[in-house]
There are 2 protein chains.
Amino acid sequence: MSLLVIGTLAYDSVETVHDRREGALGGSAVYFAVASSLLAETALVGVVGRDFADGDLDGLRSRGIDCAGVEIADGLTFRWGGRYEADWNTRHTTFTDLNVFETFDPKVPEASQSAPFVFLANAHPSIQLKGLLQVEGPTFSVADTMNLWIDIARDELCELLKHVDGIVMNDEEARLLTGEENLIRAAQQVLGMGPRYVLLKKGEHGAFLMGADVHFSLPAYPVTDVVDPTGAGDSFAGGFMGHLAASGDASPATLRRAMLYGTVAASYCVQGFSIEDLGGRNSQDLEERVNDLLSIVTV
Amino acid sequence: MSLLVIGTLAYDSVETVHDRREGALGGSAVYFAVASSLLAETALVGVVGRDFADGDLDGLRSRGIDCAGVEIADGLTFRWGGRYEADWNTRHTTFTDLNVFETFDPKVPEASQSAPFVFLANAHPSIQLKGLLQVEGPTFSVADTMNLWIDIARDELCELLKHVDGIVMNDEEARLLTGEENLIRAAQQVLGMGPRYVLLKKGEHGAFLMGADVHFSLPAYPVTDVVDPTGAGDSFAGGFMGHLAASGDASPATLRRAMLYGTVAASYCVQGFSIEDLGGRNSQDLEERVNDLLSIVTV
């Protein structure tokens with residue numbers, strides 16, 4: 001397997017001003033893998049409860065996602081509920097039931113221990129590091145994080161940052177971690193904490209990538225009908241890492257191009273609840289919209 | 001003269017969380033012309049009071065700006081006061097004294113009545129139209145507007161939109177005019193009102209240009225030290241129109257490239273109060289930062 005993702009499989013209850021879904025397939029590793037598997041062979045490490053539908057696991061496998069690392073534990077699958085305001089930017093978490101994820105202890109199957117590309121989806125940074133250390137000298141590893149860990153596990157997060165090649169953050173997280181309001185300066189400060197690259201997501205305003213040898217900024221794909229933003233960041237990471245894994249390198253030129261794939265994967269994701277839209281896409285859909293995005297951003 | 005701007009010359013009192021300036025040179029046409037004159041011959045039509053300093057008018061002339069259309073009227077110059085919150089996105093207008101601008105009746109000097117490129121800076125849309133109709137068949141005309149006119153002079157604004165080639169708006173104004181939350185759909189609706197192009201500014205998040213033959217999106221230049229955002233939009237318009245006027249055309253390719261010049265002019269503007277930074281720049285500074293921006297946005 002060329003690409004490994006460690007993270008959550010979940011059932012989400014999402015409410016928007018237009019519609020709602022109860023117990024729909026979600027989770028960071030699911031969104032990531034559904035996107036990345038369009039581009040590269042992907043293995044998934046995570047945990048689900050006995051309630052996780054066989055059909056959902058089969059659905060992931062039918063996409064070519066290696067689910068050998070998905071542990072089935074006694075108990076219930078991770079569940080999350082959220083509600084979005086009309087502007088999409090304000091999200092209220094209505095509940096978080098960690099369930100079997102509370103004692104998640106990632107075990108990377110032997111076949112994935114040599115994966116050259118690794119993505120550590122949002123989890124406690126100690127768990128992320130434990131997963132990463134099971135992979136032997138990956139070419140390129142990237143971690144995601146969230147406000148909660150910056151608040152309650154800052155030391156562990158700082159330790160993780162010394163081990164990964166890249167960190168994915170949104171604007172709010174970058175400001176919280178560094179105390180710096182200006183996003184460029186915040187990104188520069190994060191680079192000083194260890195990773196070679198910072199991938200800073202700004203939602204509908206796009207994203208930028210910063211490292212010693214690259215500074216690249218990309219607007220979001222202009223989606224006219226947003227249905228549910230849940231999973232956009234993980235889909236972005238999936239498209240991004242999927243392109244790196246497919247290319248087999250992480251040169252500045254490949255990193256720039258990977259941003260296009262991440263942006264496009266996220267744009268499909270937000271067009272439906274759960275994986276309703278993204279899950280119906282093929283690699284040609286991805287390429288077509290990448291070309292469309294290129295025409296929009298090329299001077 | 002290849003480029004004509006009609007708008008305000010003003011004295012601004014600006015307060016930020018870091019510093020303040022009282023009665024500093026400002027006004028939409030001033031910011032525009034200081035930017036555009038780095039690229040193309042610019043003529044300015046506006047009105048000032050007897051209190052307007054000779055040195056300020058001489059300063060504009062020394063940049064090659066044709067001030068023959070600047071009327072000196074009895075009374076005081078337009079004065080505006082504003083205060084910014086720490087995030088820069090929230091601006092409070094502390095006062096607006098229209099003074100001589102209240103009875104502004106634009107008179108375009110004969111030499112400028114054949115200007116191929118025309119910018120109508122923010123003013124009552126009837127005044128803007130009155131100015132525009134004095135120019136004989138311009139190649140490309142663009143108007144700016146603001147919330148106030150959308151609220152109290154919507155009919156006049158809609159009439160103006162039928163006469164201009166392009167309209168400059170920020171995200172909030174586009175939403176207010178169309179009632180459409182999604183910016184892409186809002187821009188599409190504005191296109192249906194008459195202009196061939198909508199130039200939609202999103203402040204620190206960049207800008208996009210939309211028309212039947214072009215859809216181009218550009219992030220903002222990454223400024224690390226914002227001092228005062230006043231005039232950024234007008235400087236953007238100045239860089240944009242200055243490049244069009246220098247190129248002598250408004251083809252889709254030129255329009256895209258003009259967005260870079262607008263973005264860079266705005267980036268210098270916000271690095272200082274009034275024209276303290278932008279006013280000290282030359283065309284080489286502009287070109288250098290345009291190349292820098294190109295390297296940041298090129299895939």
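Which residues of strand β8 (residues 117–120) of chain B are buried on one side, and which on the other? F117(B) and F119(B) sit on one side, V118(B) and L120(B) on the other, and all are buried, so both faces of the strand are covered. Keep in mind that this is a predicted model. Below is a quick run through the parallel strands around β8(B), the open sheet, a buried serine, a helix pair and the contact between the chains.

**Parallel strands around β8(B)**

- On one hand, β8(B) is joined by four bridges to strand β1 (residues 3–6) of chain B, and the two run parallel. Here V5(B) has F119(B) as its bridge partner, and F119(B) is one of the buried residues already mentioned.
- β8(B) also runs parallel to strand β9 (residues 140–144) of chain B, again with four bridges. In that pairing, L120(B) stands opposite A143(B).
- β1(B) pairs with β4(B) too, in the parallel sense and over four bridges. I6(B) in this case lies opposite V45(B) of β4(B).
- Strand β4 (residues 42–49) of chain B has seven of its eight residues buried, so the rest of the structure largely encloses it.
- Carrying on from β4(B), strand β5 (residues 66–73) of chain B pairs with it in the parallel sense, this time over six bridges. V45(B) turns up again here, with G69(B) in β5(B) as its bridge partner.

**The open sheet**

- Chain B also has an open sheet of four strands, ordered β3-β2-β6-β7, with mixed pairing.
- At its edges stand β3 (20–26) and β7 (91–97) of chain B; each has a single partner strand, so one side of each is left without a neighbour in the sheet.
- From one strand to the next, the twist averages 20°.
- β7(B) runs antiparallel to strand β6 (residues 78–84) of chain B, and six bridges join the two. One of the pairs to look for is R83(B) with its bridge partner H92(B) in β7(B).

**A buried serine**

- S28(B) belongs to helix α1 (residues 28–36) of chain B.
- It counts as buried because S28(B) has 28 C-beta neighbours inside 10 Å, and the cut-off for buried is 20 or more.
- Leaving aside residues up to four places away in sequence, S28(B) touches G7(B), T8(B), A121(B), N122(B), D144(B) and D234(B).
- Take T8(B): S28(B) is 20 residues from it in sequence, yet their C-alpha atoms are 5.2 Å apart in space.

**Helices α3(B) and α5(B)**

- Helix α3 (residues 125–132) and helix α5 (residues 154–161), both of chain B, pack at about 30° with their axes 8 Å apart. That angle makes α3(B) roughly parallel to α5(B).
- The crossing of these two helices, α3(B) and α5(B), is left-handed.
- From α3(B), P125(B), S126(B), Q128(B) and L129(B) meet E156(B), L157(B), E159(B) and L160(B) of α5(B). By type, the residues of this contact are four nonpolar, two polar and two charged.

**Where the chains meet**

- Chain A puts 22 residues in contact with 22 residues of chain B.
- On the chain A side, α7 (183–191), β13 (214–218), α9 (252–269) and α10 (283–297) each supply at least two of the residues.
- That side of chain A, the one touching chain B, divides into 10 nonpolar, six polar and six charged residues.

Notes. Residues numbered from 1 in each chain as written. Chains lettered and ligands numbered in written order. Predicted model: local features only at pLDDT ≥ 70, side-chain atom pairs only at ≥ 80, totals over all residues. Axes fitted to C-alpha atoms, helices over the stretch in contact; angles between N-to-C directions. Parallel < 35°, antiparallel > 145°, perpendicular 65-115°, else oblique. Left-handed = near helix turned anticlockwise from the far one by under 90°. Contact = placed C-beta atoms within 7 Å. Nonpolar A, V, L, I, M, F, W, Y, C, P; charged D, E, K, R; others polar. Pairing = 2+ DSSP bridges. Buried ≥ 20, exposed ≤ 12 C-beta atoms within 10 Å, placed from the backbone.
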